[in-house]
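The exercises below ask for careful reading of a model, first as a whole and then at selected residues. Please keep the sequence and the coordinates open while working through them.

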Amino acid sequence: MGSPVVLGIESSCDETGAGLVREGRLLGHAVASSMDEHARYGGVVPEIAARAHVHAVRPVVQRALEEAGLRLTDIGAVAVTTGPGLSGALQVGLAGAKGLAYALGVPLYGVHHLAGHVAADTLGHGPLPNPCTVLVVSGGHTSLLLVRDLARDPIVHLGDTLDDAAGECFDKVARVFGLPYPGGPAIDRAARSGDPHAVPFPRPLPASYDFSFSGLKTAAARWAGSHAGTELPVADGAASLQDAVADVLTRKAVAACVEHGVGTLVVVGGVAANSRVRALAEERCRAAGLTLRVPPLRLCTDNGAMIAAVGDLLVRAGAEPAPLDVSVDPSAPLEHAALHPTATARAAA
């Protein structure tokens, strides 16, 4: 008998996702987003997100099952995001996952959200090379990682966000430029008709694998402010900002691959959907003789399939399921793919 079907549930921010994976193959997935409800506030409102998850969990699980042609009783394990993320949102997903796992009598696995983004690539391109360098670029996280066996080995951090992540920079500058939320896609669209060399935005921390986009955000705001009383050339500003971010991300990622003797760069997370990031990563990997892997666009943003992919890896690696009192950790560091915090352990810490 083969590996079980793993249901993954993701609810760390404003997307409610459910996915079904078995032996590395995506069987079905569905996503419900509350983004439109947050747009008028210019960012995610935690209470609104949590309420939206309450209403969306059951329907997205049902839609994923229908897409896969499966029933609830076909599920052999449940995986759920236990951190990091918005506390209330995480609690909703965990409650739903616990209810399903206990009702079905199947094991439950807690998953680190960022490990999910890493595993998303396996659904499009198969097992990750051991080792590989992974650039995680999502709304609140920018990290450069050395990954070996995702299910078994500790994850090595080569560099991390010191302040604003790349996605945060896009969101905040988009607001200054008068572009809608979410800022990343809006910046990407505006940049299509702009000149990426029009504004000499800075490239932060050129000699480090860490990331800092706060200064770049400030530089963009000052540039916009210098056009007070005149029409702001938004397309040029967006193209120049996007080019600066993509330059920093890809230059550091390729350099890390070369320094550590790793032949594959994997770029994951919501910002991996950015057209300039993808194009520049491809160009620089080709020049350095590296293999580039980027998940399909539909799996770059938050989704349940990526959490199911981690659960599937954990099941096949023989990992221990989560304890009965597994809780959430909204600020959990990325150390392992499995994340099984408990309320008792967190209180003691």
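Four exercises follow, each with a worked solution.

This is a predicted model, in which local features need pLDDT of at least 70 and side-chain atom pairs count only at pLDDT 80 or more, while totals for chains, interfaces and linings use all residues. Residues are numbered from 1 along each chain as its sequence is written, and side-chain values use heavy atoms, with hydrogens and water left out.

**Exercise 1. The whole chain**

Determine how the radius of gyration of the protein relates to that of a compact globule, and describe the extent, surface and charge of the protein.

Solution. Begin with the rule, which takes the radius of gyration over C-alpha atoms and sets the globule value at 2.2 Å times the number of residues to the power 0.38. For 349 residues this rule gives a value near 20 Å, and the protein has 20 Å, so the two agree. Next, take the principal axes, along which the C-alpha trace spans about 65 × 45 × 45 Å.

Then turn to the surface: with accessible areas from the Shrake-Rupley method and a 1.4 Å probe, the protein exposes about 14400 Å², of which carbon and sulfur atoms supply 53%. If buried means under 20% relative accessible area, exposed over 50%, and partly exposed in between (1.4 Å probe, protein chains only), then 52% of the 349 residues count as buried.

For contacts, defined as heavy atoms within 4.5 Å, consider the pairs of residues at least 6 apart in sequence: 72% of these contacts join residues at least 24 apart. Finally, count Lys and Arg as positive and Asp and Glu as negative, leaving out His and the chain ends, and place each charge at NZ of Lys, CZ of Arg, CG of Asp or CD of Glu. The protein then has 27 positive and 34 negative side chains, and the centres of the two sets lie 2 Å apart.

**Exercise 2. Strand E2 and its partners**

In which sense does strand E2 pair with E1 and with E3, and how many bridges join each pair?

Solution. Helices (H or I, at least four residues) and strands (E, at least two) are DSSP runs, numbered from the N terminus; the protein has 12 helices and 10 strands. Two strands pair if DSSP finds at least two bridges between them. Strand E1 (residues 5-10) is joined to E2 by five bridges and runs antiparallel to it, with Ile9 having Ala18 of E2 as its bridge partner. Four residues separate E1 and E2 in their hairpin.

On the other side of the pairing list, E2 and strand E3 (residues 25-33) are antiparallel over eight bridges, and Gly19 stands opposite His29 of E3. As to cover, seven of the eight residues of E2 (residues 15-22) are buried.

**Exercise 3. Backbone exceptions**

Which residues other than glycine take a positive phi, and where do cis peptide bonds occur?

Solution. Start from the background: most residues other than glycine have a negative phi, and most peptide bonds are trans. Glu23, in the loop between E2 and E3, has a positive phi of about 50°; that hairpin has two residues between its strands. At 46% relative accessibility Glu23 is partly exposed. Leu205, in the loop between H7 and helix H8 (214-225), has a phi near 45° and is partly exposed at 32%.

For the peptide bonds, the step from Gly83 to Pro84 is cis with omega near -15°, and Pro84 lies in the loop between strand E4 (75-83) and helix H3 (87-104). Tyr181 and Pro182 are likewise joined by a cis bond, with omega about 0°, and Pro182 is placed in the loop between helix H6 (166-176) and helix H7 (183-191).

**Exercise 4. Surroundings of Thr264 and Leu290**

Are Thr264 and Leu290 buried or exposed, and which residues are they in contact with?

Solution. Thr264, in strand E9 (residues 264-268), counts as buried because its relative accessibility is 9%. Leaving aside neighbours within four places in sequence, Thr264 contacts Pro129, Cys132, Thr133, Cys257, Thr291 and Arg293.

Leu290 belongs to the loop between helix H10 (275-288) and strand E10 (291-293), and at 13% relative accessible area Leu290 is buried. With the same exclusion of neighbours within four places, the contacts of Leu290 are Val254, Cys257, Val262, Gly263 and Cys285. For Leu290 and Cys257, 33 residues apart in sequence, the C-alpha to C-alpha distance is 8.1 Å.
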